[in-house]
Amino acid sequence: MKPSPNVLRVVGADGVRIVADRLGDPDAPAAVFLHGGGQTRRSWGRAAAAVAERGWQAVTVDFRGHGESDWSADGDYRVTTFAEDVLEVLRRLPDRPVIVGASLGGFTAMLLAGELAPDAVRAIVLVDIVPDMNESGASRIHDFMAERMASGFASLDEVADMIQQYNPHRPRPTDLDGLRTNLRQRDGRWYWHWDPKFIDGTAALPPIEVTEVDRMHAAVETILCSGVPMLLVRGQMSDLVTQERAEEFLARFPQIEFVDVGGAGHMVAGDRNDLFADAVVDFLTRHTDGRR
């Protein structure tokens, strides 16, 4: 039987409650997993378990407006605010954890370590994200999130069909219970479990930083100049971080290590968790003195 995670609840920026899970020894070095937009901390389940089994504590965070964390009453979904929330989580952990950030979580890691708190982390793993992401891939993700945002789904089968259409390389799940972690049921229909203000244009403070390429590049430069090692993990079939965009990023920052995961798209950990977890643990072991 797999161990159940310990639930952490902290108060983030402007009083928003942030919920996180912790697996493993609470005194061990921490690897903090930050999900992508429209996801929840549950998307890291298998990857976090694999890291915890290797002697780390794995902490998975629900961003504000996502999962079990509070929605922002005034629609503050800036990337810097996500980062401020995460800093409150880090205060509950051993000093200088590793940050593993996918998509929006990667942008959050960039600004957290590159602007807000340069000494707060010991290493960063960017999961299928670079500052200058491919616009068509970003639009496809946005369209997928927005298409049924308001109308919802009549059944979990409808959800599975839509996900398979978006990710045709991933087998359609036979057990649909896992989908419930990203959905909530209201009046007989299923809805994504995140605040629509996050992407529908009505938020007072949207995550506009994801379009600020120069700012993100400057944050990465600051991180590397402070001696923090970084790894980019790309899904070979990703249309957000194309091979060309990855090569441009690595040419700009040759210090960054790179792993290209075959058989994976933008959702690298979900598509090929075995290869993803091995790459992350190898990087952590080499750059953080193993588990010490």
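**Packing around selected residues in the predicted model**

Thr 60 sits in strand 4, which spans residues 57-61. The model described here is predicted. Thr 60 has a relative accessible area of 7% and is therefore buried, since the cut-off for burial is under 20%. Beyond its sequence neighbours up to four places away, Thr 60 touches seven residues by name: Val 19, Ala 20, Asp 21, Phe 33, Arg 41, Trp 44 and Ala 48. One of these contacts, Ala 48, is a buried residue of helix 1.

Helix 1 covers residues 45-53. Its buried residues are Ala 47, Ala 48, Ala 49, Ala 50, Val 51 and Ala 52. These buried residues pack against strand 2 (17-23), strand 3 (30-34) and strand 4. They also pack against helix 8 (268-271) and helix 9 (273-287). Just after helix 1, Gly 55 adopts a positive phi of about 105 degrees.

Helix 9 also contains Val 281. Val 281 counts as buried because its relative accessible area is 10%. Outside the four-place sequence window, Val 281 touches Val 51 and Arg 54. Val 51 belongs to the buried set of helix 1. Arg 186 provides a contrasting pair with Val 281. The two are 95 residues apart in sequence, and their C-alpha atoms lie 40 Å apart in space.

The chain as a whole has 9 helices and 10 strands. Its radius of gyration is 18 Å. For 292 residues, a compact globule would have a value near 19 Å, so the chain agrees with that expectation. Along the principal axes, the C-alpha atoms fill a box of roughly 50 × 40 × 40 Å. Buried residues account for 55% of the 292 residues. Among contacts with a separation of 6 or more, 74% join residues 24 or more positions apart.

The exposed area of the chain is about 12700 Å². Carbon and sulfur atoms supply 49% of that area. The chain carries 31 positive and 44 negative charges. The mean positions of the two sets are 5 Å apart.

The nonpolar interior was examined next. The largest nonpolar core holds 71 residues. Within this core, Leu 90, Ile 124 and Ile 256 touch the most other members. A second, separate core has 28 residues, including Ala 102, Val 127, Leu 231 and Val 261. Leu 90 is in contact with Val 32, Pro 97, Ile 99, Leu 112 and Ala 120, leaving aside neighbours within four places in sequence.

Ile 256 is also a contact of Leu 224. Leu 224 lies in helix 6, residues 213-225. With a relative accessible area of 12%, Leu 224 is buried. Its other contacts outside the four-place window are Met 230, Phe 253 and Gln 255. Leu 224 and Leu 126 are 98 residues apart along the chain. Their C-alpha atoms are separated by 13 Å.

Met 267 occupies the loop between strand 10 (257-261) and helix 8. Its relative accessible area is 24%, so Met 267 is partly exposed. Beyond neighbours within four places in sequence, Met 267 is in contact with Gln 39, Asn 167 and Arg 170. Met 267 and Val 127 are 140 residues apart in sequence. In space, the C-alpha to C-alpha distance of this pair is 8.5 Å. Val 127 is one of the residues of the second core.

Two aspartates show positive phi values. Asp 14 has phi near 50 degrees, a positive value in a residue other than glycine. Asp 14 is placed in the loop between strand 1 (6-11) and strand 2. Phi of Asp 128 is likewise near 50 degrees. Asp 128 lies in the loop between strand 6 (123-127) and helix 4 (135-147). At 0% relative accessibility, Asp 128 is buried.

Methods:
Residues are numbered from 1 along each chain as its sequence is written. This is a predicted model: local features need pLDDT of at least 70, side-chain atom pairs count only at pLDDT 80 or more; totals for chains, interfaces and linings use all residues. Side-chain values use heavy atoms; hydrogens and water are left out. Helices (H or I, at least four residues) and strands (E, at least two) are DSSP runs, numbered from the N terminus. The radius of gyration is taken over C-alpha atoms; the globule rule is 2.2 Å times the number of residues to the power 0.38. Buried means under 20% relative accessible area, exposed over 50%, partly exposed in between (1.4 Å probe, protein chains only). Contact means heavy atoms within 4.5 Å. Accessible areas come from the Shrake-Rupley method with a 1.4 Å probe; for residues, only the protein chains shown count as cover. Lys and Arg count as positive and Asp and Glu as negative; His and the chain ends are not counted. The place of a charge is taken as NZ of Lys, CZ of Arg, CG of Asp or CD of Glu. A nonpolar core is a set of buried Ala, Val, Leu, Ile, Met, Phe, Trp, Tyr and Cys residues joined through side-chain atoms within 4.5 Å.
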